[in-house]
Structure formats: C-alpha cells, structure tokens
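This report describes selected features of one protein structure. The sequence and the model are shown first.

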Amino acid sequence: MHSLFQPPLSLLQKTYATSSTSSIAPMTASRSLSPSIIVGGGLAGLAAATHLSSLSVPFLLLEASDSFGGRARTDLHEGFLLDRGFHIFLSSFPECRRLLNFSQLDLQPFYPGSLVYESDRFHRISDPFRRPLDSLPSIFNPIGSLPDKLLVGLTRLSAASLSDDSILSSDESTIYDHLKSIGFSDSIIEKFLRPFFAGIFFDPNLSTSSRLFKLVFKSLALGENALPAGGIGSIAQQLVARLPDTSLRTNSPVTSISAGSVTLASGEAITTDSGIIVAVEQPQAKKLIPKVFGSNVDADVENLKKPTRSTVCLYFSADQAPIAEPILILNGSGKGIVNNMFFVTNVAPSYAPKGKVLVSVSLIGAYQDRSDEDLTAEVLQELTGWFGSGVTGSWRHLRTYRIEFAQPDQTPPTNPIGRDPRVDEGLYVCGDHWSWATFDGALVSGLKAAEALVRDRGLIRR
C-alpha cells in the first residue's frame with residue numbers, strides 16, 4: 001500500500017516551501033567531511049537520519065537508552081505488548097503517510113467514536129459520517145444537546161477542508177476558548193470534548209493551542225485512529241531497519257555539546273565538521289544547549305519555557321472484556337482519576353497472549369504524591385464502579401508507566417511552522433517541541449533539520 005521511502009535527490013527539494021527553490025549540487029572529493037551527528041533516536045532523530053541516509057550523507061546517531069523510538073516505544077512483558085503510555089496513531093497525517101510503510105505496520109483501527117461513562121451508564125458518540133445509523137440514538141443521550149451534535153459534524157467538515165499549513169498558521173486561542181466561540185455547550189465540553197482531548201494532549205484544562213485541535217480534528221475526519229499490530233514502537237523499528245547499522249549507537253548518552261563536538265557520559269568526545277542535529281526531548285535539549293532556550297536568542301523560544309504535560313498509564317491483564325468493541329472509553333462523569341481507558345486487544349489482538357485481554361487505563365498528571373500501589377488500588381476501585389466487581393475482581397496489574405514528559409506544553413502563542421531548525425553555526429534542533437506535538441510534527445521537524453544541514457554542507461544550495 002505504501003512503498004519504502006527511498007526518494008531521489010530531487011524529492012527533498014519538492015517537499016516543503018523552504019526548499020522549493022533549491023537545486024542539487026553534488027559533493028566533491030575535496031569537500032569530504034566527517035559524519036554529521038544526530039543526538040537522540042526518537043521519531044524526529046530517526047526521520048532526520050532517514051533523510052540523510054536517502055541522500056547518502058554519512059551520519060552517526062547517538063541514542064542514550066538501549067533502543068530507539070523515544071516516547072513511542074513498546075515493551076514486551078509476559079507476552080503482552082505494552083506501549084509506553086497511551087498512544088493512538090492517526091493514519092491521515094501526511095508525513096506519516098509519505099515516510100512510513102502502512103502495510104508493514106498492519107494498522108488495526110479503533111471504532112470511529114467513543115463510549116462516555118456518565119450517570120452510571122455508557123453513552124455512545126459516533127462519527128456521523130462513518131456510522132450514521134449508530135449516531136441516530138446518540139441524538140437523545142445526555143452527552144450534549146442536538147445543536148452540539150450538529151456542531152460536531154460542522155466542525156469536522158470545516159477542519160477537513162483546510163490545509164495543514166493554513167491550520168498551523170491560523171489565528172489561535174486555547175482549545176477551550178475555541179470550543180466556546182464555536183458554540184459548544186458546557187455539557188458536551190465537560191462530558192465528551194474535555195476528556196477526549198485531555199487524553200490526546202494530556203491537558204485537562206484544554207489550554208492547548210486551537211491549532212492543534214483543528215489539526216487533530218481534521219486527521220480524525222480524513223483517516224482512522226489505529227494501533228500498529230506490533231505496538232507503537234514498530235514505527236521506530238521500521239525506520240531503524242532502513243538505516244545502516246554502523247551509523248547507529250545505543251547506550252550513548254550525550255552530556256554536553258560544543259562547537260563541532262559532543263561529549264558522552266563515558267567521557268568519549270566525538271567531533272564533526274558536518275553539523276550536529278539535537279533531536280532529544282525538550283527537557284534534555286534545554287540542558288544540552290541552554291543558550292538556545294535563553295530569552296535573548298529568539299522571542300519565539302519563550303514558548304518553550306512552559307511546563308510539560310505528564311501522564312500515568314496502567315496496564316492490567318484480564319480473561320474477558322466486558323465491552324467487545326475496539327472503542328475508546330472516556331470518563332465524562334467529572335469524578336475520579338481515570339480520564340480514558342480501552343481494551344487494547346479489542347483493537348489489536350496481537351497485544352496479548354492468546355486468550356488474554358489487555359486493559360489500558362490513562363490518568364492525566366504526574367501523581368507524584370501517590371505510589372504505584374495506591375494508584376492501582378484507586379483505579380481498580382473506580383473501574384469497579386463502572387463495570388462491577390465481577391469483572392474487575394480478576395484483573396491483574398501488569399505495569400505502571402509514569403511519563404513525566406509526555407508532550408511539550410503548546411499553549412498560545414505558538415509558532416509551529418515558522419521555527420528555523422538552524423540555531424547556530426552547524427547546530428540544528430528538531431522534535432515535537434520545535435514544531436507541533438504529534439507524530440507528524442516530530443517527523444516533519446526531523447526532515448527540516450536534515451534539509452537545513454544538507455543545504456549548509458553544500459549538497460543542496462538555493
């Protein structure tokens with residue numbers, strides 16, 4: 001369905017407006033340079049490496065941990081595939097479609113809608129364009145009014161008609177203010193939209209930029225929300241498989257960066273005259289290149305001083321699922337600590353051993369004042385109120401993931417498409433904190449950083 005990404009040199013010119021006037025100039029033997037260095041093997045770093053590799057530009061990618069993928073990793077635990085935190089893959093993101101082989105990912109779709117737990121019952125909210133018959137009964141449920149449900153459809157149509165660039169450069173407010181300006185009632189905001197977008201942006205206050213709301217709403221309208229059969233980590237694994245093994249190093253944490261050089265925790269120094277791409281998470285980037293995040297460097301960078309988004313994800317093993325559909329379940333009651341949950345194996349049976357059900361539960365925030373044991377007990381007690389003790393009584397806790405940095409805080413003002421990856425001579429930055437907080441944002445930022453580096457080396461010139 002999607003071929004492997006092996007573009008000719010001319011493709012890099014055509015991808016984004018920043019390079020639309022570029023031309024290719026082949027490297028000469030007299031300009032033989034040492035490999036570029038990429039610090040960080042998350043999706044942004046892997047995207048940068050993929051683009052350099054496609055142009056036969058040598059590089060060395062240094063990853064601090066034992067594997068690649070950053071926050072988008074999957075662990076194998078007792079035969080279960082456990083994503084590190086709640087993830088949903090949106091199939092319509094353009095850079096994901098261009099760079100990834102969807103057939104190999106074997107995407108398993110969610111039901112286009114949600115179940116909302118409110119007033120001791122589950123109420124269905126369906127995509128009226130994909131499941132019109134399912135949507136008819138929801139007209140009369142207590143999750144918003146009839147005008148609210150019509151507004152959902154109109155907002156979907158409006159977002160789907162806009163280009164990504166127009167969305168990311170549009171006037172912005174917070175998501176909450178945007179929803180109120182559209183005309184949504186408090187009922188549908190509190191019971192459906194707040195827990196839904198809190199689960200995506202880890203932001204229960206809905207203070208994230210309305211640009212991100214529109215972008216995700218468009219993606220939900222044009223594609224499917226899904227999980228790769230091999231776990232969310234298979235995205236990174238697919239990219240790694242295309243890269244030369246000799247250009248990849250794990251367990252190589254970088255502790256400092258200076259002009260043309262990086263120093264590892266081991267004391268090893270690696271130099272380059274070809275440029276360094278910093279592709280680590282925002283907190284680590286601030287430590288490695290603090291001058292870039294200073295107030296006098298770029299007023300736009302002030303946005304990066306905002307607090308990060310945190311989440312806790314708990315996994316349980318069960319023998320049966322009380323709900324058979326591959327559907328996301330939201331807490332619309334306004335009570336308790338659970339924001340959203342779902343039965344992962346209803347979406348992708350490959351996530352668990354045969355005959356077992358994998359349960360995923362997401363909380364928003366760090367919950368640093370509570371132990372894993374206390375959170376597990378509280379979550380089980382809360383979900384017993386949803387499903388009954390006959391269901392949850394046999395659930396076995398598998399693992400708890402505390403994701404302190406789940407996403408950068410992207411409250412207004414933001415500048416997702418106007419930020420230059422080149423921050424100093426031979427130094428480039430990429431990541432979702434330098435673009436927008438989605439898989440696509442990370443991949444696009446990696447492309448832009450690689451493109452800027454290659455142009456500065458003289459392979460691509462204006």
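The sections below treat the sheet, the nonpolar cores, the salt bridges and one strand residue in turn. The model is predicted.

**The sheet and its helices**

An open sheet is built from six strands in the order S11-S3-S2-S15-S22-S21, with mixed pairing. Its edges are strand S11 (248-249) and strand S21 (422-424), each of which pairs on one side only. At the S11 edge, two bridges join that strand to strand S3 (residues 59-62), and the two run parallel. Within this pair, Leu61 of S3 stands opposite Leu248 in S11.

Helix H2 (residues 43-54) packs on the sheet, where it touches strand S2 (36-39), S3 and strand S15 (276-278). The direction of H2 makes about 165° with that of S3. Helix H16 (residues 439-457) also packs on the sheet, in contact with S2, S15, S21 and strand S22 (427-429). For H16, the angle is about 160° with the direction of S22. Strands S2 and S15 are thus touched by H2 and by H16.

**Nonpolar cores**

In soluble globular proteins, nonpolar side chains tend to be buried together. Here the largest nonpolar core has 92 residues, and the members that touch the most others are Ile38, Leu52, Phe192, Phe197, Ile277 and Leu358. Helix H16 contributes the most to this core, with nine residues.

Ile277 shows how sheet and helices meet in this core. Beyond its neighbours within four places in sequence, Ile277 is in contact with Ile37, Ile38, Val39, Ala48, Leu52, Tyr428, Cys430, Ala449, Ala450 and Leu453. Of these partners, Ile37, Ile38 and Val39 fall within S2, while Ala48 and Leu52 fall within H2. Tyr428 belongs to S22, and Ala449, Ala450 and Leu453 belong to H16.

Apart from the largest core lies another, of 25 residues, which include Met341, Phe343, Val357 and Leu383.

**Salt bridges**

The structure holds 25 salt bridges. Three of them are listed here.

| Pair | N to O distance |
|---|---|
| Arg84 and Asp75 | 3.0 Å |
| Arg124 and Glu325 | 2.8 Å |
| Asp164 and Lys218 | 2.8 Å |

In the first pair, Arg84 is partly exposed at 27% relative accessibility, whereas Asp75 is buried at 13%.

The pair of Arg124 and Glu325 links distant parts of the chain, 201 residues apart. Arg124 lies in strand S9 (residues 121-126), and Glu325 in the loop between strand S16 (309-318) and strand S17 (328-331). Arg124 is partly exposed, with a relative accessible area of 25%, and Glu325 is partly exposed at 26%.

Asp164 lies in helix H7 (residues 164-168) and Lys218 in helix H10 (residues 210-222), so their salt bridge ties together parts that are 54 residues apart in sequence. Asp164 and Lys218 are both buried. Elsewhere, salt bridges with shared partners join Arg71, Glu281 and Asp432 into one network.

**Phe405**

Phe405 is placed in strand S20 (residues 396-407). Because its relative accessible area is 7%, under the 20% limit, Phe405 counts as buried. Leaving out residues up to four places away in sequence, Phe405 touches Arg71, Glu281, Gln282, Pro283, Thr308 and Arg309. Arg71 is 334 residues from Phe405 in sequence, with a C-alpha to C-alpha distance of 8.7 Å. Among these contacts, Arg71 and Glu281 are also members of the salt-bridge network with Asp432.

How values were computed:
Residues are numbered from 1 along each chain as its sequence is written. This is a predicted model: local features need pLDDT of at least 70, side-chain atom pairs count only at pLDDT 80 or more; totals for chains, interfaces and linings use all residues. Side-chain values use heavy atoms; hydrogens and water are left out. Helices (H or I, at least four residues) and strands (E, at least two) are DSSP runs, numbered from the N terminus. Buried means under 20% relative accessible area, exposed over 50%, partly exposed in between (1.4 Å probe, protein chains only). Contact means heavy atoms within 4.5 Å. Two strands pair if DSSP finds at least two bridges between them. Axes are lines fitted to C-alpha atoms, for helices over the stretch in contact, and angles run from 0 to 180 degrees between N-to-C directions. A nonpolar core is a set of buried Ala, Val, Leu, Ile, Met, Phe, Trp, Tyr and Cys residues joined through side-chain atoms within 4.5 Å. A salt bridge is a side-chain nitrogen of Lys or Arg within 4 Å of a carboxyl oxygen of Asp or Glu.
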